[in-house]
Amino acid sequence: MKLSIIGTGYVGLVTGTCFAEVGHHVICVDNDVNKVKLLQSGGIPIYEPGLEELVKKNVAAGRLSFTASIAEGVEQSDVIFIAVPTPPQEDGSVDLSFIEKVARDIAAAITSYKIVVDKSTVPVNTGEKVAETIKRYCKSKAEFDVVSNPEFLREGFAVEDLMSPDRVVIGVRSQRPVKAMTEMYEPFKAPIIVTDINSAELIKHAANSFLALKISYINAVSAICEASGANVQEVANGMGMDARIGRRFLDASLGFGGSCFPKDLSAFIKIADQLGQPFHLLKEVQRINENQMARFVKKITDTLWVLKGKTIGVLGLAFKQNTDDVRMSPAIDLCQRLQKEGATLRVHDPKAMEKAKAVLKNVTYVADMNAVAEGCDALVVATEWPEFKKLDLNRARKALSHPIMFDGRNLFDVAEMEKLGWIYKSIGR
Ligand code: UDX
């Protein structure tokens, strides 16, 4: 099939590439001319495991191309995906101006029947607005259908998630686009659920908020574990073996972050408020997340006392493993809080140092994770990169003025660390 994807961020670029990989012809559109040039010359603007190879392969096969012209994308495709950002506004609601602008641009370019698919995360009832807008601005009066098809990929596992999704959600207003949509997804061999548009839009916000709730739940349990001498990992393992609960997303941490959970949670709370159905439970999820970071900082100040004049080594800047993304990263938030307390920082991340430099100033960026501890008073683990488990603990112990580690991701074994002579403080253990 012939598809165009408008917006080449994480979702748009990976979606377009994976559709090309299964045999469709895909044009990726972006209004950032420099980004388009970079992609046309074989460059990739983001780090995502496996993506670069797939882009190269599909460009070479003639199934994937890039343009800055929406008109070109619309003209040459039967299905048009909207995958532009829906950033948060100050009051927590979603800024839909990019969606609205793209809807108008699509309307101006349509001359024959098209399926317009919203992939961006949007508040419930947005599909109706998109349909209204296209109808209003479409001079040719060509027919079209609007479909909601939310994306559930995780950064760092985006290719894997797209190639083998748990499910594909297709929200429609009529049956007309269903056949094309199901055929398009057929190669992914995933269960497909067809709903109305409003339900499809709600599924995305409800799912992300539920996952955030799961993390806040275990983080609240971690505080009780600390107060009572229990071990949160054992509690999570025991809970997770109940198939109704499941073990995933029960890893206690210094809190969730990233470009999705905090934004989607705020948006869902706002939507519920606007619909006159305040969702107090989700407000508590947010509060627990903020409190979890404050509790972690307190652990550090309780142990080191005065941070002014002390140097702290921080392992991890990305909001989670496998990504160079630092948007709403708990690790960056932590660094800034430690700086506010007067600490000097030496920091390292396997992939996110370049992006971190734009937001985290006055720190020493260290290329080798094993060199971070040099001249430091303590080490902090802020991101769950698996390579941190291979840290040369002996070298770090000798480099530190005192062998103190604060582990915000529970990467090391408590008994093992204590046996090695560390003062080791983690989460909920
Ligand atoms: C999330 C959803 O998982 C995905 O389905 C949706 O499409 C976009 O939002 P993503 O933001 O890429 O994906 O990250 P995710 O892997 O969900 O992690 C989010 C945050 O939660 C990270 O900061 C992570 O470190 C944290 N987390 C995750 C925990 O603290 N504990 C856990 O058990 C799991």
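Two strands count as paired here if DSSP finds at least two bridges between them. With that in hand, let's work through this predicted model.

**Exercise 1.** Which residue in S13 stands opposite Leu 379, and how many bridges join strand S12 to strand S13?

*Solution.* Start with the strands: S12 covers residues 378-381 and S13 covers residues 404-407. The two run parallel and are joined by three bridges. Now look across from Leu 379, and you will find Met 405 in S13.

**Exercise 2.** Work out the strand order of the open sheet and say which strands stand at the edges.

*Solution.* Six strands, paired in parallel, follow the order S11-S10-S9-S12-S13-S14. Strand S11 (364-365) and strand S14 (423-425) each have a single partner strand, so one side of each is left without a neighbour in the sheet. These two are therefore the edge strands.

Next, add the helices. Helix H12 (residues 280-304) packs on the sheet and touches S9, S12, S13 and S14; its direction makes about 170° with that of S13. Helix H13 (residues 330-340) lies across S9, S10 and S12, at about 160° to S10.

**Exercise 3.** Describe the surroundings of the ligand, from its shell to its polar contacts.

*Solution.* Begin with the shell of 20 residues, where Phe 152, Leu 153, Glu 155, Ser 253 and Arg 409 come nearest. By type, the shell holds nine nonpolar, three polar and eight charged residues. Helix H9 (residues 197-228) supplies the largest share, three residues.

Then turn to the ligand's oxygen atoms:

- A polar backbone atom of Phe 152 is 2.7 Å from a ligand oxygen.
- A polar side-chain atom of Arg 409 lies 2.8 Å from a ligand oxygen.
- For Glu 384, a side-chain N or O atom is 2.9 Å from a ligand oxygen.

Finally, check the cover: the protein hides 93% of the 670 Å² of accessible area that the ligand has on its own.

Terms used: Residues are numbered from 1 along each chain as its sequence is written. This is a predicted model: local features need pLDDT of at least 70, side-chain atom pairs count only at pLDDT 80 or more; totals for chains, interfaces and linings use all residues. Side-chain values use heavy atoms; hydrogens and water are left out. Helices (H or I, at least four residues) and strands (E, at least two) are DSSP runs, numbered from the N terminus. Contact means heavy atoms within 4.5 Å. Axes are lines fitted to C-alpha atoms, for helices over the stretch in contact, and angles run from 0 to 180 degrees between N-to-C directions. A residue is near a molecule or strand if one of its heavy atoms lies within 4 Å of it. A polar contact is a pair of N or O atoms within 3.5 Å; within protein, one must be able to donate a hydrogen and the other to accept it, and residues adjacent in sequence count only if both atoms are side-chain atoms. Accessible areas come from the Shrake-Rupley method with a 1.4 Å probe; for residues, only the protein chains shown count as cover. Ala, Val, Leu, Ile, Met, Phe, Trp, Tyr, Cys and Pro count as nonpolar, Asp, Glu, Lys and Arg as charged, and the others, Gly among them, as polar.
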